[in-house]
Amino acid sequence: MKTLIAGMTFAMLACAAQAADCVDAKTAKAGFVLEKPGISSEFRPAPGGMVAVANKYESDSPQTQYLYAGLIEVFRDSDTGRLSMIPLGDLKKLFPLKAGARSKTDFVRLSSKKAPTGTETLALAVKGKESYKLGDCKYNVLAISETITGDTGNVIDTFTALYSPDLRAVLARRYDEGTSAQSEVGFETIKPLKE
């Protein structure tokens, strides 16, 4: 009987230890790491509503990004170059996001390698709420359709972001949603950032 009780106690402590590693809205402020095979991304809050992301790849050079509210990329830097997306509107007005919300924001893409040729438009449409698992942790996410178009209306990129407002991070992206080619690329684990 003592062995059974000791085993149950150990199992409960192991579960509690795992649950303690799940990052929540409060602990996310200290930073966290999202991982999947081949990439590790460290998320840290930054001034002005930004989230700094340090991406470490198995096969590529490291990359630094700044994302407004953890969703909208405004800066990227790596050995292959720098890129800034300068919004021509107030991004603060888009948040907090709610189901059914729609917005369009124009941007100018600035690169160290070539001058901008026009503006781009980011259209966001919050389709609804879902849940997403990262290892033993479960998060409420908003499914947000993101479409980037050029001056002529040409689609540059389109996907659905599974965005956690609590973490201020995109946990996964869906491509070709609703078609036979639908795929999802996302992080698989989360852990607190240890400095």
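This report describes the surroundings of one glutamate and three backbone features in a predicted model.

E42 belongs to strand 2, which spans residues 39-46, and with a relative accessible area of 16% it counts as buried, because the cut-off for that class is under 20%. The side chain of E42 makes polar contacts with two other side chains, that of R44 at 3.1 Å and that of K56 at 3.2 Å. When neighbours within four places in sequence are set aside, the residues in contact with E42 are F32, V33, A52, V53, A54, K56 and L193, so that K56 appears both in this list and as a polar partner of the E42 side chain.

The backbone features come next. Most residues other than glycine have a negative phi, and most peptide bonds are trans. Against that background, A69 has a positive phi of about 55°, and D176, which is likewise not a glycine, has a positive phi near 50°. The two residues are set out below with their accessibility.

| Residue | Loop between | Relative accessible area |
|---|---|---|
| A69 | strand 4 (63-68) and strand 5 (72-78) | 7%, buried |
| D176 | strand 11 (169-175) and strand 12 (183-186) | 45%, partly exposed |

A69 is therefore classed as buried, its 7% lying under the 20% cut-off, whereas D176, at 45%, is partly exposed.

The remaining feature concerns the peptide bond between F95 and P96, which is cis, with omega at about 0°; P96 itself is located in the loop that runs between strand 6 (81-87) and strand 7 (102-111).

Terms used:
Residues are numbered from 1 along each chain as its sequence is written. This is a predicted model: local features need pLDDT of at least 70, side-chain atom pairs count only at pLDDT 80 or more; totals for chains, interfaces and linings use all residues. Side-chain values use heavy atoms; hydrogens and water are left out. Helices (H or I, at least four residues) and strands (E, at least two) are DSSP runs, numbered from the N terminus. Buried means under 20% relative accessible area, exposed over 50%, partly exposed in between (1.4 Å probe, protein chains only). A polar contact is a pair of N or O atoms within 3.5 Å; within protein, one must be able to donate a hydrogen and the other to accept it, and residues adjacent in sequence count only if both atoms are side-chain atoms. Contact means heavy atoms within 4.5 Å.
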